[in-house]
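Got the model open in your viewer? Keep the selection panel handy, and let's walk through it one stop at a time.

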Number of protein chains: 2
Amino acid sequence: MVSVPLSVIDARSGDKERLRLWIRMLRTTRIVEAELRERLKRDFNSTLPRFDVMSALYRESEGMLMSDLSRFLLVSNGNVTGIIDRLVADGYVVRAKRDGDKRTSVVRLTPSGVEAFERMAAAHERWIAELLGGVDTAEVHRLSEMLHAFRSNWEGEH
Amino acid sequence: MVSVPLSVIDARSGDKERLRLWIRMLRTTRIVEAELRERLKRDFNSTLPRFDVMSALYRESEGMLMSDLSRFLLVSNGNVTGIIDRLVADGYVVRAKRDGDKRTSVVRLTPSGVEAFERMAAAHERWIAELLGGVDTAEVHRLSEMLHAFRSNWEGEH
DNA sequence: GTGAGATATTTCAAGCCTAAAGTATCAGAG
DNA sequence: CTCTGATACTTTAGGCTTGAAATATCTCAC
């Protein structure tokens, strides 16, 4: 007689595998992130967080609220304030008080910001193609779908 | 007559897919990391970097050099110095000047550090099982192998 | 043994990041 | 109108992170 159902044993061993998966995912992400950080600094004297912010603003040419940015980028409000401050200092972004609500400020890229972002984005895309080039094209699709499913599932619950 | 070989077109479209994959991977990692960070803070008043350092030291009960730690964790030397400083202040880690070489210091967990890490590690494993529970067990294995292959490939080249 | 370059670690300045507290504004109940 | 709670944003304290400069020590050719 077996004292533990097989399904439970399966779940347990699956959990070990999940832990291993997480560690590998974290490590892979860090390796690629470190490489991107280094290249952004070297070629554009910029950073990943700045790139992320500019990328979000590029897609929303009308501009975004600070709170939209922090929600979209999954970072805190105060964090966005600092990054935007530095982008404004560099002339890549402007804060505007447009609508009636005096609490909000709409931030958007300046023409100079658009130009800078486009150059960075082109390089970024080439770098990713190079860095992930070792992953088989068929597997890229599978993997991408899995991660998308994970995230949809997560957001459904939270 | 086709001006661009099909293989090139394939490579191009695969690159777009790789970019999407990277963005999804980064986002998934951030979601899970944010959740872990929050729980480590809430339940153990600790952080992810501290957990990583303690995890490395736990596996090497004889202790590690600062430079071994920074190499293993993929972070800079100066970074490790700060994290170890705080762990020492908390009584979880000791720096020892053992061998002949007066430049190096061997850091290792104290009994209190071992005890604290074991409690955190148990919770951490449960959390990962919960957070990645939505991923099918068969896919976990596939995914894990892919990432392992990616990293081996990367380290072969760098 | 001694001087040059290599190695181990720390310090520093600057930027990223969070949670929590602070400021200003808004919206709605009464 | 005015009070109350919600919302948008900034500020602050503390920790993480890097790359580069600073210290200290080691190694080894001479």
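Which helices of chain A and chain B each supply at least two residues of the surface near DNA strand C? Select helix 2 (48–59) and helix 4 of chain A, then add helix 3 (66–73) and helix 4 of chain B, and you have them. Bear in mind as you click around that this is a predicted model.

**Stop 1: DNA strand C**

Stay with that selection for a moment. Helix 4 of chain A makes the largest contribution to the surface near DNA strand C, with 4 residues. Now show everything around the strand: there are 25 residues, and those that come nearest are A:S76, A:R86, B:S67, B:N77 and B:R103. Colour this surface by class and you'll get 6 nonpolar, 11 polar and 8 charged residues.

What part of the DNA is the protein meeting here, sugar and phosphate or bases? Of the strand C atoms within 4 Å of the protein, 78% belong to sugar or phosphate, and the rest are base atoms.

Zoom in on a few individual contacts. At A:K102, a polar backbone atom sits 2.8 Å from a phosphate oxygen of DNA strand C. Over on chain B, look at the side chain of B:R95, where an N or O atom is 3.1 Å from a phosphate oxygen of the strand. Then pick B:R103: a polar atom of its side chain lies 2.7 Å from a base oxygen of DNA strand C.

**Stop 2: DNA strand D**

Switch over to the other strand label. DNA strand D is surrounded by 25 residues, the closest being A:S67, A:T81, A:R103, B:S76 and B:R86. Sugar and phosphate make up 79% of the strand D atoms that come within 4 Å of the protein.

For the elements, select helix 3 (66–73) and helix 4 (77–89) of chain A plus helix 2 (48–59) and helix 4 (77–89) of chain B; each gives at least two residues to the surface near DNA strand D. The largest share, 4 residues, is from helix 4 of chain B. Your class colouring should show 6 nonpolar, 11 polar and 8 charged residues on this surface.

Three phosphate contacts deserve a click:

- A:T81: a polar atom of the side chain lies 2.8 Å from a phosphate oxygen of DNA strand D.
- B:S76: a polar backbone atom is 2.6 Å from a phosphate oxygen of DNA strand D.
- B:K102: a backbone N or O atom is 2.8 Å from a phosphate oxygen of DNA strand D.

**Stop 3: the sheet in chain B**

Hide the DNA and turn to chain B, where 3 strands form an open, antiparallel sheet in the order 1-3-2. Strand 1 (64–65) and strand 2 (93–96) of chain B are at the edges with a single partner strand each, so one side of each has no neighbour in the sheet. Strand 1 pairs with strand 3 (residues 106–109) of chain B over 2 bridges. To see where they face each other, select B:M64, which stands opposite B:V107 in strand 3.

**Stop 4: the largest pocket**

Last, how much space lies in the largest pocket? About 1200 Å³. Its lining takes in 36 residues, and A:R30, A:E33, A:R37, B:R30 and B:E33 are the closest to the centre. Select helix 1 (6–44), helix 2 and helix 4 in chain A, and likewise helix 1 (6–44), helix 2 and helix 4 in chain B, to show the elements that give two or more residues to the lining. Helix 1 of chain A gives the most, at 9 residues. By class, the lining of this pocket has 21 nonpolar, 5 polar and 10 charged residues.

Methods
Residues are numbered from 1 along each chain as its sequence is written. Chains are lettered from A and ligands numbered from 1 in the order in which they are written. This is a predicted model: local features need pLDDT of at least 70, side-chain atom pairs count only at pLDDT 80 or more; totals for chains, interfaces and linings use all residues. Side-chain values use heavy atoms; hydrogens and water are left out. A residue is near a molecule or strand if one of its heavy atoms lies within 4 Å of it. A polar contact is a pair of N or O atoms within 3.5 Å; within protein, one must be able to donate a hydrogen and the other to accept it, and residues adjacent in sequence count only if both atoms are side-chain atoms. Ala, Val, Leu, Ile, Met, Phe, Trp, Tyr, Cys and Pro count as nonpolar, Asp, Glu, Lys and Arg as charged, and the others, Gly among them, as polar. Two strands pair if DSSP finds at least two bridges between them. On a 1 Å grid over the protein atoms alone, a cavity is a set of points where a 1.4 Å probe fits but cannot get out, and a pocket is an open set with protein on both sides within 12 Å along at least five of seven lines; lining residues have an atom within 4 Å of a point. Grid points are joined across faces, edges and corners, and a volume is the space filled by probe spheres set on the points.
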